[in-house]
Amino acid sequence: MSPLDHRIEAVTGQDVDTLWAYRDRGVLDEAHAHLVDRHRELVRAETDVTFYRVLLHRLSSGEFPVDSALLARIDRTVDQMEQAATARDAAVRKVITALQPIEAATTTASVPSDKPLSTADQAALLAIAGGAKLYEHLLTGRMSVTTASGTRIPYAELQQLEDAGLVSRDTSHPVQAGQPVALTNAGRAALLAARRTPTTTQAPKPPRGPGLGRPPPYIGADLPRKGLVVPHRTGACPEAHPRSRLRPRRIRRRRTGLP
């Protein structure tokens with residue numbers, strides 16, 4: 001809608017239609033709300049310039065006879081288009097003025113810090129690493145991140161990770177259909193550093209004393225409580241007695257004095 005749309009979308013991570021909707025709902029902060037208001041003025045000024053340009057093209061297309069009335073109308077349209085262009089240029093400067101503080105804050109926040117990741121941030125990055133998308137609820141307008149593992153991450157937490165430069169979104173997709181969320185290089189490095197733990201030496205286990213070994217498999221608590229169904233073998237080789245595997249025998253637990 002304006003020549004600055006791509007710049008606004010790059011710094012905010014949202015398309016202009018979504019920003020306008022957020023402004024109408026009153027969910028933007030003061031800086032972003034001021035930016036959206038100036039952008040709306042720019043769009044109106046750009047629409048006026050387009051209108052007078054199209055009108056001038058129609059007047060000069062040969063549809064109307066060339067007379068004094070046509071020439072006067074062309075002169076008036078040129079003057080109106082010049083005024084609209086002047087207003088458009090002023091609106092562009094206002095948008096740039098409102099955009100510069102947001103760009104500066106985004107650049108400062110994108111610098112990765114040496115602060116270690118919290119447990120919650122580490123869990124969120126691990127969930128996002130497996131695949132995630134940002135969705136907006138059609139009725140409530142609330143947004144949240146749904147990961148491939150089924151974990152939901154609040155939008156406020158996603159913004160914190162974005163401000164830290166750990167994750168990024170693909171804003172070419174609409175929020176209603178899901179915007180892919182992925183880790184940045186800084187996010188992968190931070191996650192790798194958080195998961196790297198110092199190597200510890202495992203203490204050797206004390207040797208078992210006499211009588212402390214594992215009991216036989218068919219004595220004590222290791223024996224199944226209700227018995228185990230096994231094939232009845234009449235010889236050393238079960239293949240020598242093919243019918244023996246069809247007659248199962250239940251081994252019952254012997255009553256002994258052992259626990």
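1. Let's start with two helices side by side: α1 and α3 are roughly antiparallel to each other, because their angle of about 165° is over the 145 degrees that sets the cut-off. Keep in mind as you look that this is a predicted model. The axes of the two helices lie 12 Å apart, and the crossing is left-handed. Which residues make the contact between α1 and α3? On the α1 side you'll find Asp 5, Ile 8 and Thr 12, while α3 brings His 32, Leu 35 and His 39. If you want to locate α1 in the sequence, it covers residues 5-12.

2. Now step back and take in the whole chain. How many helices and strands does the chain have? The tally is 7 helices and 7 strands. Reading from the N terminus, you pass the elements in the order α-α-α-α-α-β-β-β-α-β-β-α-β-β. The chain has 259 residues, and 27% of them count as buried. Take the contacts between residues at least 6 apart in sequence: 53% of these join residues at least 24 apart.

3. Stay on helix α3 for a moment, which runs over residues 30-59 and holds Arg 38. Is Arg 38 buried or exposed? Arg 38 counts as buried because its relative accessibility is 17%, and the cut-off for buried is under 20%. Its side chain makes a polar contact with the side chain of Glu 41, at 2.8 Å. Once you set aside the neighbours within four places in sequence, Arg 38 is in contact with Lys 94, Val 95 and Ala 98.

4. Next, the charged pairs. Side chains of opposite charge can pair when their charged atoms come close. A search through the whole structure turns up 9 salt bridges. One of them joins the side chains of Arg 40 and Asp 24, with 2.8 Å from N to O. This pair links distant parts of the chain, since Arg 40 sits in helix α3 and Asp 24 in helix α2 (residues 16-25), 16 residues apart. Asp 24 counts as exposed, at 59% relative accessibility.

5. Right beside Asp 24 in the sequence there's another pair to check: Arg 25 forms a salt bridge with Glu 136, and their closest N and O atoms are 3.0 Å apart. Here a helix meets a strand: Arg 25 belongs to helix α2 and Glu 136 to strand β1 (residues 132-136), with their positions 111 residues apart in the chain. What about the accessibility of the two partners? Glu 136 is buried, with a relative accessible area of 8%, whereas Arg 25 is partly exposed, with 48%.

6. Last stop: Arg 88 and Glu 46. Their salt bridge has its closest N and O atoms 3.3 Å apart. Arg 88 lies in helix α4, which spans residues 68-109, and Glu 46 lies in helix α3. The two are 42 residues apart, so this is again a pair that links distant parts of the chain. Both partners are buried. Which residues are joined into one network by salt bridges that share partners? They are Glu 46, Arg 88 and Asp 89.

Technical notes: Residues numbered from 1 in each chain as written. Predicted model: local features only at pLDDT ≥ 70, side-chain atom pairs only at ≥ 80, totals over all residues. Heavy atoms only, no water. Helix = DSSP H or I, 4+ residues; strand = E, 2+ residues; numbered from the N terminus. Buried < 20%, exposed > 50% of the residue type's maximum accessible area, 1.4 Å probe, protein only. Polar contact = N/O pair within 3.5 Å; in protein donor to acceptor, adjacent residues only side chain to side chain. Contact = heavy atoms within 4.5 Å. Salt bridge = Lys/Arg side-chain N within 4 Å of Asp/Glu carboxyl O. Axes fitted to C-alpha atoms, helices over the stretch in contact; angles between N-to-C directions. Parallel < 35°, antiparallel > 145°, perpendicular 65-115°, else oblique. Left-handed = near helix turned anticlockwise from the far one by under 90°.
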